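Colleague: Could you take me closely through one part of this model, its nonpolar surface patch, and then set that part in the context of its surroundings? A connected account would serve me best.

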Amino acid sequence: MPKGSPELTAARKDEIMNACEKLYQVKTFKEITLQDISRETSFTRTSIYNYYETKEEIFLGLFEREYVVWTQEIGSLGEETAEITREELALALAGSLQKRKLLLKLLSVNLYDLEENSRMERLVSFKMAYGNVKGALRRLLRKCYPEIEEEEISRFIKIFLPYMHGIYPYAHATDKQIEAMERAGVTYEKTTIQDLTYRGLVKMLP
């Protein structure tokens, strides 16, 4: 890691992740290379290695950043929420995920590959962000349902977090996927992140 203030290091990491995010809007994970990313930054590919050793580490950093922002948003929901119905809470959480399209798209990537090709320190930092999401969801449920049992909270988290992995692919099928389904005689039902999340949450929430 090159010498510099923590603020400068963070800014350079953000620049690299922002470049990766921009590319991810028009290319697939497999198509993006470190050379592509370097062209979108003020860095050479060699300079990027001072901050991230692999493309997977950059994507994991993006993932972590999305978790951090979503954790903050969940916390805001908890501050605004007193007595609330299941439907209202489902709507609020669905709205928070509607704004986190990148997070949901990243969840549709093979997480095993990202984690296997990242250094342990990067992986630990990512897992801490993931743990903070779980903690924020726990606090939100306790705020909304003061009498809730820990078993019910754990049940919800164990169902909802895996459910999130399938939201983006269902809500954003590609033209190729839609055509393939039509040729296969499979009905394609158009949906949105908001609707798919809300429908699932209404059934999963206590």
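**The nonpolar patch and beyond**

Modeller: In this predicted model, a nonpolar patch on the surface is formed by Met120, Val124 and Met128, which together have about 330 Å² of accessible area. Met128 belongs to helix H8, which spans residues 120-144. With a relative accessible area of 56%, Met128 counts as exposed, because the cut-off for that class is over 50%.

A contrasting case is Ala173, which sits in the loop between helix H10 (167-171) and H11. Its relative accessible area is 19%, so Ala173 is classed as buried, the limit being under 20%. From Ala173 to Gly131 the C-alpha to C-alpha distance is 29 Å, with their positions 42 residues apart in sequence.

Helix H11 (residues 175-184) follows that loop. This helix is hardly covered, as one of its 10 residues is buried. Just after H11 comes Gly185, whose phi is positive, at about 75 degrees.

The largest pocket remains to be described. It holds about 300 Å³ of space, and 14 residues line it. Nearest its centre lie Thr28, Lys105, Ser108, Tyr168 and Thr174. The lining of this pocket comprises five nonpolar, six polar and three charged residues.

Notes
Residues numbered from 1 in each chain as written. Predicted model: local features only at pLDDT ≥ 70, side-chain atom pairs only at ≥ 80, totals over all residues. Heavy atoms only, no water. Patch = residues over 30% accessible without salt bridge, like charges linked within 9 Å, V, L, I, M, F, W, Y side chains within 5 Å. Areas by Shrake-Rupley, 256 points an atom, 1.4 Å probe, with all protein chains shown as cover. Salt bridge = Lys/Arg side-chain N within 4 Å of Asp/Glu carboxyl O. Helix = DSSP H or I, 4+ residues; strand = E, 2+ residues; numbered from the N terminus. Buried < 20%, exposed > 50% of the residue type's maximum accessible area, 1.4 Å probe, protein only. 1 Å grid on protein atoms, 1.4 Å probe; cavity = no way out; pocket = protein on both sides within 12 Å on 5 of 7 lines; lining within 4 Å. Points joined across faces, edges and corners; volume = space filled by probe spheres on them. Nonpolar A, V, L, I, M, F, W, Y, C, P; charged D, E, K, R; others polar.
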